[in-house]
Amino acid sequence: MRITVFGTGYLGATHTACMAELGHEVLGVDVDPAKLAKLEAGEVPFWEPGLEEVLQRNIAAGRLRFTASYQAAADFAEVHFLGVGTPQKKGEFAADMKFVDSVIETLAPLLTKPAVIFGKSTVPVGTAERLGRMARELAPAGDGVEVAWNPEFLREGYAVKDTLHPDRLVLGVDRARPGRAEALAREVYAQLLDEKIPFLVTDLATAELVKASANAFLATKISFINAIAEVCEASGADVTVLADAIGHDERIGRKFLNAGIGFGGGCLPKDIRAFMARAGELGADQALTFLREVDNINMRRRTRMVELAREACGSLLGARVAVLGAAFKPDSDDVRDSPALNVAGQIQLQGAAVNVYDPKAMENSRALFPTLTYSNSALEACEGADVVLVLTEWKEFKALAPEDLEGAVRSKTLIDGRNCLDPEQWRAAGWNYRGLGRP
Ligand code: UDX
C-alpha cells in the first residue's frame, strides 16, 4: 500500500519506518528541513534502539522517502497517518492542538480524491470528530475524506518492538458515517492481524479515551507505589520488597510498580494534565480530580530527592553533587520533563555544583539546562563529589561496582533515585547507600 505519515518525531519517525518494514511504500512528511535531511540520509534525529537499522534497510529497499511537500503527500496516497505532537499549552493544563490542526488545514484542501486520515497522536476526546468536520469542509473531495483514530501506545526505548508487535490495535471510526477506514486499516496492519494481535474497532470518542485512560492508569500505578514509598520511608519498611509481594497478585501485576523519583517524559505528565483539562471542559472534572493527586505525588518525589541530597551534604551551598542520568528513562535521549534534570536543576539552584553524565542524553540536556556542568563519563562526574545521585537507571549505572567510584567520591555516599542498585553490595563496601522508600 501507499502510505504517508505526517510528523517525524518519536512517534512519527517510528511509524514511518515501521510501516515500510511491513512492506508498504511510505512517504514521511515534516515541515522541519533539518529533520528531513537527517532521515533521508538514514539517520534518526533522536536515540531509539533498533530504529536506525529499520530506517536504513527500508530506504535502501526503495520503500521509504521523505518530503516537506504536502502536495506530494496528497498526490502520493489515500492513507495518511497523523503523528505530530500535542504538547502542553504554556501556563495551562490543556493540550496544544496547533500542530494537529495545522496538518488538517494544510492537507485537506489538497485532497481532491477520497482519502482516510488516521490520527495517532494523543488528543482530547472529541478531536477526531472535530477534525473530520474540518477535513470534509476543506477538502475538494468533501465527504470522501474520512478521519479515524488509531492511537499509538509505543514506549520510547521499545518503539520498534511496540509498533511491530503491539499488545493490541485500536481503531476508532465515525459510526455516523460508515466508510473505508476499517477496511483500509485491516490492509495496513494485515501482517499484524495474521499474527492474531487483538484488533478493537470502536467509535471515535472511545478510541481517543482508550489512550488517555491507559496513560492515566500507568501514571496512577507509578504514583500509587510512590505514595506507598512515602509511608515506607516513614515506617522503616521496604517498598521494593512490598512491590514484589503485591505484584505477585495477578490482579495487580509487578510491572510499573518501581518506586523512585517518578515519571516524566513527553507523554505521561502532560497527558494526565490534558485529560483533567478536557474532563473539566466536558463538565466531568470531578471524575478525574484524583489525577491531580497523582501529579502531586509525582512532583513530591523530585523534592524528596533534593531533600535527601541536602541531608547527605549537610547543606547544598557549595556542595559538589554528581548526577548519573539525565534522560527521563533509560534507552532514550529524551529529556522532556525529565525528573533527573529537574532534580539536578533544583539542587543547582540551592547553591551546589552539579556534574551530570548520561550515556545518550548529553546534547539534549545541554540545550535544556545549559548552566549545569557536564562530564564525559560516570567516573568523571563523580570526581570530588560529596554525594552521587543515580537518577536514570541506565544499564551502565546498574553495572557500576563500588570499587569503580572508590577514589573519586569523598564521602562514599550514594542516593539511588531509581532503586536500581544492590544496597547490600554498596553497604558491604563501606558506602552510605540510600534508596527511595527503603530503610
Ligand atoms: C508512555 C506509555 O508507557 C506509552 O504506552 C505511551 O504510548 C507513551 O507514554 P514512555 O513515555 O515512553 O511511554 O515511557 P514509560 O516507559 O511509560 O515511562 C514513563 C516514566 O515513568 C519514566 O520516567 C519512567 O522512569 C517512569 N516509571 C516507569 C517509573 O517511575 N516507575 C515505573 O515502574 C515505570
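Domain bounds here come from an automatic or database domain assignment, and the structure shown is a predicted model.

**View 1. The ligand between two domains.** Domain 1 (2-197) and domain 2 (227-435) both contribute residues to the shell around the ligand, so the ligand lies between them. The shell holds 20 residues, of which Glu156, Asn258, Phe263, Gly265 and Cys267 come nearest. Sorted by class, 10 residues of the shell are nonpolar, 6 are polar and 4 are charged. Helix 10 (residues 204-235) supplies the largest share, 3 residues.

**View 2. An open parallel sheet.** The sheet is built from 6 strands in the order 11-10-9-12-13-14, and the pairing is parallel. Strand 11 (373-374) and strand 14 (432-435) stand at the edges; each has a single partner strand, so one side of each is left without a neighbour in the sheet.

**View 3. Strand 10 and its surroundings.** Strand 10 (residues 353-357) runs parallel to strand 11 and is joined to it by 2 bridges. Asn355 has Thr373 in strand 11 as its bridge partner. Helix 14 (residues 339-349) lies across strand 9 (320-324) and strand 10, and runs at about 160 degrees to strand 10.

**View 4. Helix 13 and the residue that follows.** Helix 13 (residues 289-313) comprises 25 residues. From its first C-alpha to its last, helix 13 reaches 37 Å, close to the 36 Å expected at 1.5 Å a residue. Gly314, just after helix 13, takes a positive phi of about 85 degrees.

Key
Residues are numbered from 1 along each chain as its sequence is written. This is a predicted model: local features need pLDDT of at least 70, side-chain atom pairs count only at pLDDT 80 or more; totals for chains, interfaces and linings use all residues. A residue is near a molecule or strand if its C-beta atom, placed from the backbone, lies within 6 Å of it. Helices (H or I, at least four residues) and strands (E, at least two) are DSSP runs, numbered from the N terminus. Ala, Val, Leu, Ile, Met, Phe, Trp, Tyr, Cys and Pro count as nonpolar, Asp, Glu, Lys and Arg as charged, and the others, Gly among them, as polar. Two strands pair if DSSP finds at least two bridges between them. Two residues are in contact if their C-beta atoms, placed from the backbone, lie within 7 Å. Axes are lines fitted to C-alpha atoms, for helices over the stretch in contact, and angles run from 0 to 180 degrees between N-to-C directions. The expected span of a helix is 1.5 Å times one less than its number of residues.
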